[in-house]
Amino acid sequence: MAKISAFLENLLNIILALALAIMVVLVFGNVILRYFFNSGITWSEEMSRYLFVWLTFLGAIGAYQNKEHLGVDMVVKRLSKRMKKIVLVISDLLIIFVLLLILDGSWKMTVLNLHSVTPAVGMPLSLVYGTGILVSVSMGIITINNLYRIIFNKIADDELIIINDSEEMITIHDENLGKEEKQA
């Protein structure tokens, strides 16, 4: 399971990097063409917009997997281990509910736009709206896996807080820099 997860995470990172690279090339190339040659690529703006949509949604999957979304955990940190698990289960159930709403809406929009195409690129609009389906299913699998690990006690105590503290990371980073400076 860990190998599959690592492979999918690497694949996601490659897709994100490619989407960002293509988007940069299209936008930068179009700016150069317009500025120097008074022409441009007619479909680059539209394609860049869709790449940005995919980049945002697919990036949300990676951020969710790595627990990098914003959140507030002041209360959860002060709870007992048992209460942290209960709060985490409730939180995951709410996430599944929201993901089901996103899946339902994305499915309806994808089916509705199955035969519609984008004006400049000619790409089916269902590819744009279908991103919500991919995101909701992917995040749903991650959430169900989290619920399984919580219910069957396969989760470490430090994973009971689902937010990575950027302030704590900065403090740890500063402490490590201080130690390195003293050693040098």
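Q: Which helix holds both Arg-49 and Glu-45, and how many residues apart are they?
A: Start with the general idea: an α-helix has 3.6 residues a turn, so residues three or four places apart point the same way. Now the case here, in what is a predicted model. Arg-49 and Glu-45 both sit in helix 2, four residues apart, or about one turn of the helix.

Q: What do Arg-49 and Glu-45 form, and how far apart are the closest N and O atoms?
A: They form a salt bridge, and the closest N and O atoms are 3.8 Å apart. The cut-off to keep in mind is 4 Å between a side-chain nitrogen of Lys or Arg and a carboxyl oxygen of Asp or Glu.

Q: Is Glu-45 buried or exposed?
A: Think of relative accessibility as a percentage: under 20% is buried, over 50% is exposed, and in between is partly exposed. Glu-45 has 52%, so it counts as exposed. Arg-49 has 43%, so that residue is partly exposed.

Q: How many salt bridges does a search of the whole structure find?
A: Two. Besides the one in helix 2, Lys-108 forms a salt bridge with Asp-104, with the closest N and O atoms 3.2 Å apart. You'll recognise the spacing: Lys-108 and Asp-104 are four residues apart in helix 4, about one turn of the helix. Lys-108 is exposed, at 52% relative accessible area, while Asp-104 is partly exposed at 38%.

Q: How many helices and strands does the chain have?
A: Six helices and zero strands. Read along the sequence, that gives the pattern α-α-α-α-α-α.

Q: What span should helix 2 have, at 1.5 Å a residue?
A: The trick is to take 1.5 Å times one less than the number of residues. Helix 2 covers residues 44-65, which is 22 residues, so it should span 32 Å; its end C-alpha atoms are 31 Å apart, and that agrees. Try helix 4 (residues 81-112) next: it has 32 residues and reaches 46 Å from first C-alpha to last, close to the 46 Å expected.

Q: Where does Lys-67 take a positive phi?
A: Just after helix 2, where the phi of Lys-67 is about 55 degrees.

Q: Which residues of helix 4 are buried, and what do they pack against?
A: To read packing, find the residues that are hidden and then look for their neighbours. In helix 4 the buried ones are Lys-84, Lys-85, Leu-88, Asp-92, Leu-99, Ser-106 and Thr-110. The buried residues of this helix pack against helix 2, helix 3 (74-77) and helix 5 (126-151).

Q: What does Thr-143 touch?
A: Thr-143 lies in helix 5, and it is buried, with a relative accessible area of 0%. Leaving out residues up to four places away in sequence, Thr-143 touches Tyr-64, Asp-92, Ile-95, Ile-96 and Leu-99. Asn-146 is also found in helix 5 and counts as buried, at 16%. With the same kind of neighbours left out, Asn-146 touches Tyr-64 and Asp-92.

Q: How many residues apart along the chain are Asn-146 and Leu-88?
A: They are 58 residues apart along the chain, yet their C-alpha atoms are separated by 9.1 Å. For the whole chain, take the contacts with a separation of 6 or more: residues 24 or more positions apart account for 73% of them.

Q: What percentage of the 184 residues count as buried?
A: 29% of them. As for the outside, the chain exposes about 13000 Å², with carbon and sulfur atoms supplying 69% of it.

Q: Which residues form a nonpolar patch on the surface?
A: Ile-4, Phe-7, Leu-8, Leu-11 and Ile-15, with about 470 Å² of accessible area together. One of them, Leu-8, has its place in helix 1 (residues 2-37) and counts as partly exposed at 47%.

Q: How many aromatic pairs does the structure hold?
A: Two. A pair of aromatic rings is described by the distance of the centres and the angle of the planes. Tyr-35 and Phe-36 make an edge-to-face pair, 4.9 Å centre to centre with 85 degrees between the planes. Tyr-35 is exposed at 67%, and Phe-36 is exposed at 56%. For Tyr-148 and Phe-152, the centres are 4.9 Å apart and the planes sit at 50 degrees, so that pair is tilted. Tyr-148 is partly exposed, at 39%.

Key
Residues numbered from 1 in each chain as written. Predicted model: local features only at pLDDT ≥ 70, side-chain atom pairs only at ≥ 80, totals over all residues. Heavy atoms only, no water. Phe/Tyr/Trp six-rings, centres within 6.5 Å; stacked < 30°, edge-to-face > 60°. Buried < 20%, exposed > 50% of the residue type's maximum accessible area, 1.4 Å probe, protein only. Helix = DSSP H or I, 4+ residues; strand = E, 2+ residues; numbered from the N terminus. Contact = heavy atoms within 4.5 Å. Patch = residues over 30% accessible without salt bridge, like charges linked within 9 Å, V, L, I, M, F, W, Y side chains within 5 Å. Areas by Shrake-Rupley, 256 points an atom, 1.4 Å probe, with all protein chains shown as cover.
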